[in-house]
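Reader: I have a structure to go through before setting up some calculations. Could you take my questions one at a time?
Author: Certainly; here it is.

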Amino acid sequence: MTNIKSYTFKIFTVFSFIFILSNCKDKNSMVSEASIENTAPNQLILSDSQLKNAAIVIDSMRIKTVNKIAKLNGNIEVMPEHRITISSPMAGIVKQIKWIPGAMVSKGQTLIRLENQEFVELQEAYLNAKNALSFSKIEYDRQIELSKNDANSAKVLQQAEEKWKAHSVAVKSLYERLSIIQIDASKLNQDNISSTIEICAPATGPITKVNVNTGKYIEPGTSIMEMIDPKGLKLVLRAFEKDLPFIHNGQTIKARTNSSSNEICHGKVESIVKSVENDGYSSIICQLDGCKGLVSGLYMNAEINLENHQTYVIPNEAIVSFEGKNYAFISLNSNTFELVEITIGEKEKLYSEISNYHNLAGKKIVINGAYTLLMAMKNVADE
C-alpha cells in the first residue's frame, strides 16, 4: 500500500512540474508578443502591429489667437510727482501747526505759521522799492519832455532811464521773493505788514508726516510736513518676463484686495517699466478709476485681459496627466515615442496653451492615442 502511494505521488509531481513549465512558456510567449520594448525611462518603442492597434495620430503645435488672462499682484504706490514735501522758504520760528498726520487738507488751506523779523524787512524793502520806482518813472517822463525842447542833455535822459529800469528790476525781484513766502505783494501796504507768514497746502490730500513742533527754529529748506496727492496713487503690478511681450499701454485690468475680494476696481495699464529686476519681475504701472479706500502700500490682486494673444497650443487629447504633472508624447521616429513634461497656460474647450512651448518646438506630437501610450509605458515600468 505504501509503494502504491509513493508511486502515485511521484507521477503527480512529474505532471505538476510539466504543467508549470508549460504555463511559464506560454506566459513568456504572451509577454514577448504583447509587451512594449522600453529603451529609456521616458521612451518606448511599438512594434508595427502595436502601432497599428494604438491608432496613433501625429501633428505639430499650432499658433492660435486666444484671450488670455494674466494674473498679477502688486501694491498701491504714490508716484514721485505726487509725493509732496512742504519746506520752509526762509528761516523762522514755528508759531502754529494746524494739522496732525492723517488729516485731510484742501489746496490753499494754511498748514503752519512762521515768524521772523526778516519777513518785515522784506515787505518794507518792497514798499520802498515800489515808491522809488514811482518817483523814478515820473523823473524819466520829465526828462523825455525836456529832451524834446533840447532843454537837457542826452546823458541826463539816459541816467533817468537807467534809474527807472533799476527800480523796476528791484520791485520785480522783491515781488517774486514775497510770492515764495506766500505774501500777495499786490495787496501789501504800510498797514498790513506782518512778522508772520502762512505756508499753505499746494494740493488736496492727506498729511502723512509732521516733522517740526511749535517754537522750533527752522532753517530755509527744512522739511516741515509731508503729504500726498491722491491723484498720484497708482497700482504697481509685478509681471513675469514671459508676460511682458503681451502687455501694452491701454489694456484693461480688474483689481481687488484680499479683504474686499468682492469689490472690483477697474483701470488700465498706464506705463511699463522696460527693465527686469533681479527677482525676474518688471513693474507695470496702472491707473485705477473710481476706487475708494486706496492707501499707499495696499496689496492688491489684478487680472489683465491680454486680448488677441497669439500662443502655441495643442489639442486637449494630446495632454496626459500622471502623478500631478502634465505630459505630451513626441514622435522620435515612426515607432519610438518620448514622454515630455509640459506646462499648461490658458485652457479652452478644445485646445490648451503650452507655456514651455520651446520643449515642443519643431517636434511631432501625438495628438491621438497619447493615453494608450501612457498606459503602455506604465505597464512596462510595473513589470
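Author: One cut-off is needed at the outset: a residue is called buried under 20% relative accessible area, exposed over 50%, and partly exposed in between. Please keep in mind that this is a predicted model.

Reader: Understood. With that scale, is Glu-348 buried, exposed or partly exposed?
Author: Glu-348 is partly exposed, because its relative accessibility is 34%, which falls between the limits of 20% and 50%.

Reader: Which residue does Glu-348 form a salt bridge with?
Author: Its partner is Lys-64, and the closest N and O atoms are 3.1 Å apart. Lys-64 belongs to strand 4 (residues 62-78), while Glu-348 sits in the loop between strand 21 (344-347) and strand 22 (351-354), so this salt bridge ties together parts that are 284 residues apart in sequence. Lys-64 is partly exposed as well, with a relative accessible area of 27%.

Reader: How many salt bridges are there in the structure?
Author: There are nine. Among them is the pair of Asp-59 and Arg-62, where the closest N and O atoms are 3.2 Å apart. Asp-59 has a relative accessible area of 26% and is partly exposed; Arg-62, at 43%, is partly exposed too.

Reader: And what does Lys-234 pair with?
Author: Lys-234 meets Glu-270 in a salt bridge, at 3.1 Å from N to O. Lys-234 lies in strand 13 (residues 233-240) and Glu-270 in strand 15 (residues 265-272), so the contact ties together parts 36 residues apart in sequence.

Reader: Is Lys-234 buried or exposed?
Author: Lys-234 is buried, because its relative accessible area is 9% and the limit for that term is under 20%. Glu-270, on the other hand, counts as partly exposed at 37%.

Reader: Changing topic: how many disulfides should I build into the topology?
Author: The count comes to one disulfide. The disulfide is formed by Cys-265 and Cys-291, whose sulfur atoms are 2.4 Å apart. Cys-265 is in strand 15 and Cys-291 is in the loop between strand 16 (281-289) and strand 17 (299-315), and the pair links distant parts of the chain, 26 residues apart.

Reader: Are those two cysteines buried or exposed?
Author: Both Cys-265 and Cys-291 are buried.

Reader: What about Cys-200 and Cys-286, in terms of accessibility?
Author: Cys-200 counts as buried at 18% relative accessibility. Cys-286 is also buried, with a relative accessible area of 0%.

Reader: Let us move to strand 19. Which residues does it span, and how many of them are buried?
Author: Strand 19 covers residues 325-331 and is mostly covered, with five of its seven residues buried.

Reader: Which strands pair with it?
Author: Strand 18 (residues 320-322) runs antiparallel to strand 19 and is joined to it by three bridges. Strand 20 (residues 336-342) is also antiparallel to strand 19, with six bridges between them. Strand 23 (residues 364-368) pairs with strand 19 in the antiparallel sense over two bridges.

Reader: Where does Tyr-327 fit in?
Author: Tyr-327 is the bridge partner of Val-320, and it stands opposite Glu-341 in strand 20. Further along strand 19, Ser-331 has Lys-364 of strand 23 as its bridge partner.

Reader: How many residues lie between the strands in the hairpins?
Author: The hairpin of strand 18 and strand 19 has two residues between the strands, and there Glu-323 takes a positive phi near 55 degrees. The hairpin of strand 19 and strand 20 has four residues between them.

Reader: Now the helices. How does the span of helix 4 compare with the expected value?
Author: Helix 4 (residues 154-180) has 27 residues and reaches 40 Å from its first C-alpha to its last, which is close to the 39 Å expected. Just after helix 4, Gln-182 takes a positive phi of about 60 degrees.

Reader: Which residues of helix 4 are buried, and what do they pack against?
Author: The buried residues are Ala-160, Val-171, Leu-174 and Leu-178. The buried residues of helix 4 pack against helix 3.

Reader: One last point: where is Gln-143, and what does its side chain contact?
Author: Gln-143 is found in helix 3 (residues 117-148). Its side chain is joined to that of Glu-139 by a polar contact of 2.8 Å. Gln-143 is buried, with a relative accessible area of 4%.

Technical notes
Residues are numbered from 1 along each chain as its sequence is written. This is a predicted model: local features need pLDDT of at least 70, side-chain atom pairs count only at pLDDT 80 or more; totals for chains, interfaces and linings use all residues. Side-chain values use heavy atoms; hydrogens and water are left out. Buried means under 20% relative accessible area, exposed over 50%, partly exposed in between (1.4 Å probe, protein chains only). Two strands pair if DSSP finds at least two bridges between them. A salt bridge is a side-chain nitrogen of Lys or Arg within 4 Å of a carboxyl oxygen of Asp or Glu. A polar contact is a pair of N or O atoms within 3.5 Å; within protein, one must be able to donate a hydrogen and the other to accept it, and residues adjacent in sequence count only if both atoms are side-chain atoms. A disulfide is a pair of cysteine sulfur atoms within 2.5 Å. The expected span of a helix is 1.5 Å times one less than its number of residues. Contact means heavy atoms within 4.5 Å.
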